[in-house]
Amino acid sequence: MTKTGIGASVKRKEDQRFITGNGQYTDDVSRPGHVHAYFLRSPHAHAVIRRLDIAAAKGAPGVLGVFTGDDLAADKIGGLICGWMIHSKDGSAMKAGAHPALAQGKVRYVGDHVAVVIAETLAEARDGAEKIIVDYEVLPAVIDTAGAQAAKTQLHDVAPRNTVFEWAIGDKAATEAAFGAAHHVTKIDLVNNRLVPNAMEPRAAIGEYDPGQGAYTLWTTSQNPHVARLVLSAFIGIAPENKLRVIAPDVGGGFGSKIFIYAEETVAVWASKKVGRPVKWVSDRTEAFLSDAHGRDHVTHAELAMDAKGKILGLRVKTIANLGAYLSTFSSSVPTYLYATLLSGQYDIPAIYAEVDAVYTNTAPVDAYRGAGRPEATFVVERIIETAARQMGLDPADLRKRNFVRKFPHQTPVIMMYDAGDYRASLDKAMEIADVKGFGKRKREAARRGRLRGLGYSTYIEACGIAPSQAVGSLGAGVGLWESAEVRVNPTGSVEVLTGSHAHGQGHETTFAQLVSERLGVPMESINIVHGDTDKVQFGMGTYGSRSGAVGMSAIVKALDKVEAKAKKVAAHLLEASEADIDFKDGKFTVKGTDKSVAFADVALNAYVAHKFPTSEIEPGLKEGAFYDPTNFTFPAGCHICEVEIDPETGVTEIANYTAVDDFGVLINPMIVEGQVHGGIAQGIGQALTEGAVYDASGQLLTASYMDYCMPRADNLPSFKLGFTETRCPSNPLGIKGCGEAGAIAAPAAVMNAMTDALGTEAVTMPATPQAVWKVAQSQQKLAAAE
Amino acid sequence: MYAFTYLRPGSVRGASKALATKENAKLLAGGQTLLPTMKQRLASPDHIVDLSQIDDLKNIEQKGRRIVIGAMATHASVASSALVRDNIPALAALAGGIGDPAVRHRGTIGGSVANNDPAADYPAAVLALGATIHTNKRKIAADEFFAGLFTTALEEDEVITKITFPMPSRAAYQKFRNPASRYALVGVFVAKRGRDIRVTVTGAGSNGVFRWSAAEAALSKRFSVKSLEGLSISASGLNGDIHASPEYRAHLIAVMTARAVAAA
Ligand SMILES: Cc1cc2nc3c(=O)[nH]c(=O)nc-3n(C[C@H](O)[C@H](O)[C@H](O)COP(=O)(O)OP(=O)(O)OC[C@H]3O[C@@H](n4cnc5c(N)ncnc54)[C@H](O)[C@@H]3O)c2cc1C
């Protein structure tokens with residue numbers, strides 16, 4: 001390992017600019033004469049717009065334009081799309097209700113877009129919006145996930161019973177048979193609470209139209225600028241792709257919420273031509289709560305069939321997934337292929353059958369949020385196995401060991417083919433680090449202080465590096481999920497890598513450079529990672545699903561292979577040796593068995609000068625591109641162990657210990673990986689203990705600011721104990737699996753298994769706030785008193 | 001935020017005059033409550049009268065057995081004042097537990113007390129310690145000052161200038177934080193001064209801060225946690241929201257009171 005190569009904890013290159021305030025975020029972009037957009041949003045969850053009078057707003061000071069859904073329709077601007085087709089059990093296509101960027105006659109959630117006002121200043125735009133007169137005929141709202149299908153009110157004409165699809169996976173008959181043969185059946189009901197993503201940087205956009213070129217530029221907070229361009233061009237119809245440039249500059253966190261193509265950037269870029277000025281929109285925090293795509297929101301009933309020895313025979317699951325008022329860009333894939341395909345967990349389960357009904361409600365759209373489907377799956381599998389162990393009087397770690405998949409590759413009953421792993425190794429290591437043996441003593445000691453202590457496991461698995469284009473295509477994806485890279489070696493030997501991955505906190509500028517540094521022997525400071533601009537980068541599918549390492553870096557490897565092959569040819573001419581005799585190591589080309597060598601930078605210069613080789617045989621220059629499509633998903637897995645301590649008097653929970661042992665395959669930069677794990681665990685603990693979006697019965701979002709929506713903070717979290725195990729991923733050249741989501745996937749189940757252990761009942765729901773825990777502790781005490 | 005006219009008088013008299021004569025005028029202290037409401041367009045004063053240039057409002061001093069705190073003293077300056085820490089440590093601790101560092105360095109005692117947010121911390125201390133609120137016009141006893149949600153005895157053109165706190169022999173504040181906002185979900189201040197024992201509760205009452213007289217009576221017999229055993233408060237008249245039902249708040253009042261007595 002070199003000091004900056006693969007495996008080195010190199011400090012993040014990008015942080016210097018971020019922590020000194022020199023980042024360039026979308027809101028930092030100023031265009032000459034830019035003006036401001038303000039969206040008038042629906043105050044009602046469900047209403048017909050009887051009258052929309054914009055005349056007074058149009059005449060308000062500073063106002064340049066007021067636009068409504070009619071104006072978009074007149075310009076043939078299409079609605080927002082959902083790019084993943086799901087078919088119901090009966091073969092019918094999912095029911096996608098129209099999703100106009102600005103309402104057409106109806107609003108379907110609080111925060112839905114009614115009109116946009118564009119003015120010289122933001123204050124004038126807001127003043128203008130106050131002059132818009134809207135007559136709403138308020139309709140009853142459908143809010144409850146479990147009750148949506150039975151509700152009398154229907155959101156979209158195309159979707160009876162507010163049902164988007166009724167989908168299923170697995171072998172129903174085999175699963176029924178497994179249950180018929182069961183010695184013990186464990187049943188649980190779970191709610192996976194709705195979350196608001198809360199990226200530190202709110203969404204923003206600035207659109208500009210260049211009449212000379214007849215072309216648009218859109219700066220936007222996107223995790224995948226090329227996908228945004230594709231959707232805005234091919235589906236929404238803003239402009240042909242060659243007339244639309246999308247730039248996602250520095251982006252301050254996404255967690256999935258910035259994958260999607262929203263109304264605001266669509267309108268901002270379209271309106272820039274209408275008003276003849278660049279148009280800027282920056283979300284405020286309340287708008288973010290109301291209109292960023294939310295995450296999770298499942299209601300699930302699950303049953304696990306066991307034989308007498310604790311071997312799992314089958315699993316059946318019924319989930320209702322709330323997709324909100326409209327289908328967001330990838331929403332349909334989340335509770336289906338990203339969820340139910342992981343219901344086998346780390347276990348050898350012969351039969352699985354899962355049904356998922358997706359429903360519309362008058363709430364913000366729900367889509368992928370850190371982990372996307374996999375936290376929901378892990379929560380089901382890990383809560384039910386822990387519950388089964390308790391019911392059968394078995395040790396939860398032993399029960400897991402009995403059921404772990406041991407042979408690879410392993411075909412699960414729900415599509416996935418696990419390629420490599422050692423689940424026992426991560427469990428053993430986590431138990432050792434967490435000192436599970438000493439838990440009994442710690443519990444007794446806590447009891448003496450009046451505290452309830454509990455311990456819970458989560459042996460999670462996820463499918464990352466999403467992934468093989470054919471596979472996702474066959475499952476309904478509208479796009480391929482490969483990645484592209486271009487490696488440009490400059491004549492002086494410095495290197496630019498153009499990647500289709502997009503960094504919004506992950507540290508690609510460091511980790512990708514580490515790969516190049518190791519491969520080409522070029523120092524870190526001579527390597528630039530270029531991303532986030534459709535005019536610079538050839539193409540890209542963006543960053544989500546922990547795919548930048550496994551897929552994005554693999555594309556770079558492929559391009560580096562080509563660069564090395566070509567450089568060898570040039571070096572052979574320079575060294576007057578045959579190409580087959582050239583070795584490349586530590587930035588030097590050498591001739592086998594001699595002391596003749598030439599440095600990489602000299603080869604680069606010669607490649608461009610092209611004096612010393614026949615250009616009829618070798619093209620000048622040193623620049624190669626590659627598209628990489630993996631052969632499988634990757635399967636990071638591991639074991640998290642959480643220990644909580646509860647004050648039954650107040651219901652306050654303290655995370656006393658948190659251990660995570662993860663197998664991410666090969667680590668490029670362990671420090672960055674640890675950072676990803678820390679952040680993920682924090683979000684997972686947030687889901688378990690503090691966070692939850694709450695709508696009241698009329699559809700008002702009660703948690704629309706930090707006064708009521710509780711993000712986890714440093715004082716909610718312990719110092720995490722991390723460990724790693726390593727099995728190489730066989731399906732990409734670097735052997736890496738991805739680490740961006742594991743924490744958020746594993747943690748909720750680990751925490752809730754600890755909570756239910758401490759409280760002695762499974763009836764604890766997320767978020768386990770002090771009030772919720774106090775109520776459970778109260779009823780437990782009453783039960784105990786009655787006994 | 002809507003446009004407004006900004007005024008910065010150099011004296012309390014000037015501030016009071018501006019309040020009386022300018023249309024729809026509001027005092028600005030630390031701005032930690034007023035500015036967010038203005039940004040959300042929930043408040044739209046035409047004139048803002050900034051108190052920040054009136055230096056003598058920032059003093060903290062001792063006068064006999066009393067600590068006098070200027071209305072413009074920030075939470076951070078109260079928390080770090082040696083006078084307050086030595087003589088009424090419970091008050092310094094309370095100030096140090098308000099919001100976050102940014103809030104504590106801008107927010108003021110006068111603004112907090114004038115605002116009388118039902119979840120604010122200071123009202124509990126002011127009432128429990130039997131403090132006196134001084135204005136440009138008069139002195140108001142704490143018992144007369146707090147008049148319900150966001151309502152006080154202050155008149156339109158009245159400016160709080162300082163607050164005098166008698167020194168207690170024992171006092172403590174226990175705050176159960178709203179997990180999200182970190183305001184008081186329930187805050188209990190217990191103070192003993194001679195034979196006068198007060199237990200005040202903030203965060204819970206649907207009319208703002210109040211005295212829990214049953215607990216005061218129980219502690220008057222003997223100032224000890226034991227005296228509180230079996231004592232509970234009715235949930236009726238308490239606030240309920242997504243973070244805490246009235247029943248949970250009632251329970252927490254008893255728990256926090258016992259903890260405050262133990263800490264005092
Ligand atoms: C993120 C955050 C967290 C917070 N957490 C807490 C908390 O945990 N506990 C808590 O108690 N508070 C909390 N606060 C509120 C904070 O303590 C404020 O300081 C306080 O509510 C108002 O004080 P201010 O000086 O900022 O007043 P301003 O906002 O300037 O004014 C508030 C009101 O008082 C009036 N006013 C101001 N000064 C005077 C005066 N001298 N005479 C008469 N009227 C006056 C103003 O006209 C206005 O109506 C928090 C605030 C924020 C933003």
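**Strand E18 and its partner E26**

In this predicted model, strand E18 (residues 452-461) of chain A and strand E26(A) run antiparallel and are joined by ten bridges. One position in this pairing is marked by A:Gly454, which stands opposite A:Val644 in E26(A). Strand E26 itself spans residues 637-647 of chain A and is mostly covered, with ten of its eleven residues classed as buried.

**The hairpin of E26 and E27**

E26(A) also pairs with strand E27 (residues 652-663) of chain A, again in the antiparallel sense, and this pairing extends over eleven bridges. Within it, A:Glu643 has A:Asn657 of E27(A) as its bridge partner. The two strands E26(A) and E27(A) form a hairpin in which four residues lie between them, and A:Gly651, located in the turn, has a positive phi of about 85 degrees.

**The four-stranded sheet**

These pairings belong to an open sheet of four strands in chain A, whose order is E18-E26-E27-E28 and whose pairing is mixed. Its edges are formed by E18 and by strand E28 (721-725) of chain A, each of which pairs on one side only. From one strand to the next, the twist averages 15 degrees.

The parallel component of the sheet is found between E27(A) and E28(A), which are joined by five bridges. Here A:Asp662 stands opposite A:Phe724 in E28(A). Strand E27(A) is thus paired with E26(A) in the antiparallel sense, while its pairing with E28(A) is parallel.

**The annotated span at residues 20-140**

For another part of chain A, residues 20-140, an unreviewed UniProt entry places the feature "domain: Aldehyde oxidase/xanthine dehydrogenase a/b hammerhead". In the model, this span is 16% helix and 29% strand, and the C-alpha atoms at its two ends lie 50 Å apart.

**Contacts between chains A and B**

Between the two chains, 14 residues of chain A are in contact with eleven residues of chain B. On the side of chain A that touches chain B, the largest share comes from helix H19 (residues 770-786) of chain A, which contributes three residues. By residue class, that side of chain A divides into eight nonpolar, four polar and two charged residues.

Notes
Residues numbered from 1 in each chain as written. Chains lettered and ligands numbered in written order. Predicted model: local features only at pLDDT ≥ 70, side-chain atom pairs only at ≥ 80, totals over all residues. Buried ≥ 20, exposed ≤ 12 C-beta atoms within 10 Å, placed from the backbone. Pairing = 2+ DSSP bridges. Contact = placed C-beta atoms within 7 Å. Nonpolar A, V, L, I, M, F, W, Y, C, P; charged D, E, K, R; others polar. UniProt positions renumbered as here; feature names shortened; annotations may be inferred. Axes fitted to C-alpha atoms, helices over the stretch in contact; angles between N-to-C directions.
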